[in-house]
Protein chains: 2
Amino acid sequence: MTQIYNFSAGPAVLPKEVLAQAAAEMLDWHGSGMSVMEMSHRGPEFISIYKAAERDLRELLAVPDNYKILFMQGGGLSQNALIPLNLLGHKPDGATIDFIHTGSWSDKSIKEARKYAHVNVAASSTTAVPPQAEWRLTPGAAYLHMCTNETIGGVEYDVSGNQPDAGDPRLAGVPLVADMSSHILSRVIDVSKFGVIFAGAQKNIGPAGVTIVIIRDDLLGKALPVCPSAFDFKLVADNESMYNTPPTYGIYIAGLVFQWLKRQGGVAEMERRAIAKAALLYHALDHNDFYETRVAKSSRSRMNVPFYLKDESRNEAFLAGAKARGLLQLKGHKSVGGMRASIYNAMPIEGVQALVDYLNEFAAQQR
Amino acid sequence: MTQIYNFSAGPAVLPKEVLAQAAAEMLDWHGSGMSVMEMSHRGPEFISIYKAAERDLRELLAVPDNYKILFMQGGGLSQNALIPLNLLGHKPDGATIDFIHTGSWSDKSIKEARKYAHVNVAASSTTAVPPQAEWRLTPGAAYLHMCTNETIGGVEYDVSGNQPDAGDPRLAGVPLVADMSSHILSRVIDVSKFGVIFAGAQKNIGPAGVTIVIIRDDLLGKALPVCPSAFDFKLVADNESMYNTPPTYGIYIAGLVFQWLKRQGGVAEMERRAIAKAALLYHALDHNDFYETRVAKSSRSRMNVPFYLKDESRNEAFLAGAKARGLLQLKGHKSVGGMRASIYNAMPIEGVQALVDYLNEFAAQQR
């Protein structure tokens with residue numbers, strides 16, 4: 001096997017230790033004679049796997065007791081519909097959802113929400129998190145939705161203190177809903193500031209097909225009548241994610257990732273590493289006029305680093321050279337072009353260093 | 001590892017060869033340096049895996065060209081809502097859905113459908129498929145829903161020629177919708193008789209978290225406005241199951257199962273084995289007055305075999321003795337009690353023989 005570094009935006013690199021353990025346990029989990037894939041979700045073996053995963057995630061994110069953690073299916077995209085379907089049931093007709101728009105994922109959420117309610121875009125920028133003082137909020141909004149890390153555009157909240165201030169009097173009684181798909185578990189967060197946090201697993205958690213929803217108790221039981229039962233947060237919560245058969249193997253892998261995170265030192269240590277990796281990469285991009293970035297420094301994502309060759313006619317040569325060195329999946333999203341390096345928790349700093357070395361050498365060669 | 005036989009109703013036993021291959025490829029799929037879990041769903045490696053899985057399933061079930069195969073998330077249960085959400089959009093208010101009720105899964109489907117339309121239960125029996133001549137069908141119904149194998153109660157269509165006759169003039173223009181979750185790929189079917197076939201993967205296909213939908217082209221594009229985009233059959237079909245990130249690893253395992261099925265001789269061979277395994281087990285139950293079954297012989301499921309000890313005070317002793325022999329997950333569903341042996345494609349006849357031997361020995365011991 002060649003040493004490769006996989007900069008995919010997701011599904012993405014996973015810790016080697018996790019994959020090795022999964023391979024070793026594939027045919028016989030802990031002497032049970034069964035693969036985890038073969039276990040009844042209601043049997044004691046899988047229940048123990050589920051409970052450990054839930055407990056470890058709760059510990060890693062310091063999730064308060066009045067929040068439920070749901071393991072669902074459908075991906076982050078499905079939550080753009082499932083959030084309004086689950087939160088608007090007790091609202092009179094004409095509910096308004098406020099959005100902070102910071103990029104492609106905000107776009108998708110806004111478009112989907114319009115199917116269920118009036119939408120107000122309270123602030124918009126795709127190169128920086130709009131300052132909270134400038135948000136044009138709707139008094140009594142059903143909730144305020146934000147994508148706290150834009151996977152495609154690379155805008156992240158709280159890189160330099162721009163985390164939403166839930167104490168803002170305009171937000172009194174308005175739940176914050178955060179799509180944290182692409183940076184969950186990479187930084188310490190205060191869950192109590194949010195009403196709902198959701199995240200597709202396929203970046204920092206595990207395989208595609210698992211979606212995490214963390215929801216404050218009082219927001220349960222507000223589903224619209226047309227919400228499918230399998231995706232009704234209250235039914236999922238009341239049945240500990242087993243109202244229907246959960247994605248058992250994905251939950252098992254997520255649980256192994258949570259154990260790996262704990263062994264590494266938890267989320268605070270992941271944040272320390274994320275800061276170091278992002279600093280290394282942005283420093284190279286900032287100090288080499290062959291490249292450019294387009295996100296304000298205050299809002300730069302530590303997870304997804306979009307960048308452009310100033311001479312875009314070199315793009316194909318850049319990607320071919322990267323691939324030859326085992327630096328994979330660096331092409332930017334088709335909607336924005338250029339390059340993107342996703343450097344999630346499981347990306348070692350050696351991978352980032354290899355990319356930095358290549359950035360510098362490629363630029364030098366082209367001069 | 002002890003030799004065990006896992007009679008779980010799902011998630012359920014998988015072919016050992018499939019699990020061994022998955023373990024061997026876990027850290028490095030075909031020299032890519034990546035696990036399948038780490039691959040971008042839009043990269044050439046995963047696209048090749050997806051296309052092979054789709055092609056093999058199409059071949060195994062002889063799916064006609066005018067049908068799309070979708071790989072979705074949410075499980076069979078979610079389809080109870082997603083089917084009406086996707087099929088009722090072009091119906092005037094007051095659409096009626098006809099149901100044939102044959103057990104617990106029909107119950108669940110009926111309950112969920114009532115959220116979206118008027119429901120007519122055209123026939124009902126939990127011990128036999130009601131004869132088609134007696135179905136009280138609604139002229140111009142939106143569709144007719146049937147669960148062609150009831151996982152809990154063990155009623156299966158077409159054991160002795162009771163497959164629905166789509167040529168019934170009362171069904172003219174009424175699409176048949178079939179929940180085949182627990183017997184898909186265990187028998188030859190004529191897909192062209194159905195409008196939609198759906199199946200959760202976790203019985204005969206692969207791991208929980210993948211749901212297969214096979215739908216006739218002309219039924220696409222009829223979604224209700226409140227249908228979540230991520231679950232809109234037309235969007236999923238138009239994007240080859242990649243409108244959002246699909247459950248990539250589950251699809252890969254399903255693909256390995258499809259390859260295994262082809263190596264075994266395909267669905268016709270699976271049907272031959274299913275007939276043999278079911279005959280072996282029912283024969284033992286019929287010829288030992290210690291046990292009883294409650295489904296009419298004409299409608300007995302080849303996949304899920306519920307049975308009861310006539311003296312139910314022996315249930316715990318029966319299950320303890322079974323477990324001691326490595327015969328696992330034989331307890332019946334809590335809603336019906338008793339015992340249930342699920343003998344899916346991946347259950348070798350040796351497992352059924354081991355169960356039969358135990359049935360006979362346990363009965364003899366208790367006399």
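This is a short tutorial dialogue on reading the interface, cavities and backbone of a two-chain model.

Me: Before we start, what kind of model is this, and how are its parts numbered?

Reply: It is a predicted model, in which local features need pLDDT of at least 70 and side-chain atom pairs count only at pLDDT 80 or more, while totals for chains, interfaces and linings use all residues. Residues are numbered from 1 along each chain as its sequence is written, chains are lettered from A and ligands numbered from 1 in the order in which they are written, and side-chain values use heavy atoms, with hydrogens and water left out.

Me: Thanks! How much area is buried between chain B and chain A?

Reply: The size of an interface is often given as the accessible area lost when the parts come together. Here about 4700 Å² is buried between the two chains, with carbon and sulfur atoms giving 63% of that area (accessible area is taken with a 1.4 Å probe, and the loss is summed over both parts). L27(B), M37(B) and E38(B) supply 14% of what chain B buries against chain A, more than any other three residues.

Me: And how many residues does the contact take from each chain?

Reply: Chain A and chain B give 58 residues each, where contact means heavy atoms within 4.5 Å.

Me: Which polar links does the interface have?

Reply: There are 18 residue pairs in polar contact between chain B and chain A, both residues at pLDDT 80 or more. A polar contact is a pair of N or O atoms within 3.5 Å; within protein, one must be able to donate a hydrogen and the other to accept it, and residues adjacent in sequence count only if both atoms are side-chain atoms. Zero salt bridges are found across this interface (a salt bridge is a side-chain nitrogen of Lys or Arg within 4 Å of a carboxyl oxygen of Asp or Glu). On chain B, the side touching chain A gets at least two residues from each of α1 (16–24), α3 (75–87) and α6; helices are DSSP runs of H or I with at least four residues, strands are runs of E with at least two, and both are numbered from the N terminus.

Me: Where, then, does R302(A) form a salt bridge?

Reply: R302(A) pairs with E271(A), their closest N and O atoms being 3.0 Å apart. R302(A) lies in the loop between β9 (291–292) and β10 (304–309) of chain A and E271(A) in helix α7 (residues 266–286) of that chain, so the pair ties together parts that are 31 residues apart in sequence. Over all chains, the whole structure has 40 salt bridges.

Me: What about empty space: how many cavities of 30 Å³ or more are there?

Reply: Rolling a probe the size of a water molecule over the atoms shows where empty space is left. A cavity is a set of points, on a 1 Å grid over the protein atoms alone, where a 1.4 Å probe fits but cannot get out; lining residues have an atom within 4 Å of a point. Points are joined across faces, edges and corners, and volume is the space filled by probe spheres set on them. This structure holds seven such cavities of 30 Å³ or more, and the largest has a volume of about 140 Å³. Among its 15 lining residues, the closest to the centre are A208(A), G250(A), A208(B), Y249(B) and G250(B).

Me: Which peptide bond is cis in chain A?

Reply: The bond joining G10(A) and P11(A) is cis, with omega about -10°, and P11(A) sits in the loop between β1 (5–6) and α1 (16–24). In chain B, the bond from G10(B) to P11(B) is cis, with omega near -10°.

Technical notes: 1 Å grid on protein atoms, 1.4 Å probe; cavity = no way out; pocket = protein on both sides within 12 Å on 5 of 7 lines; lining within 4 Å.
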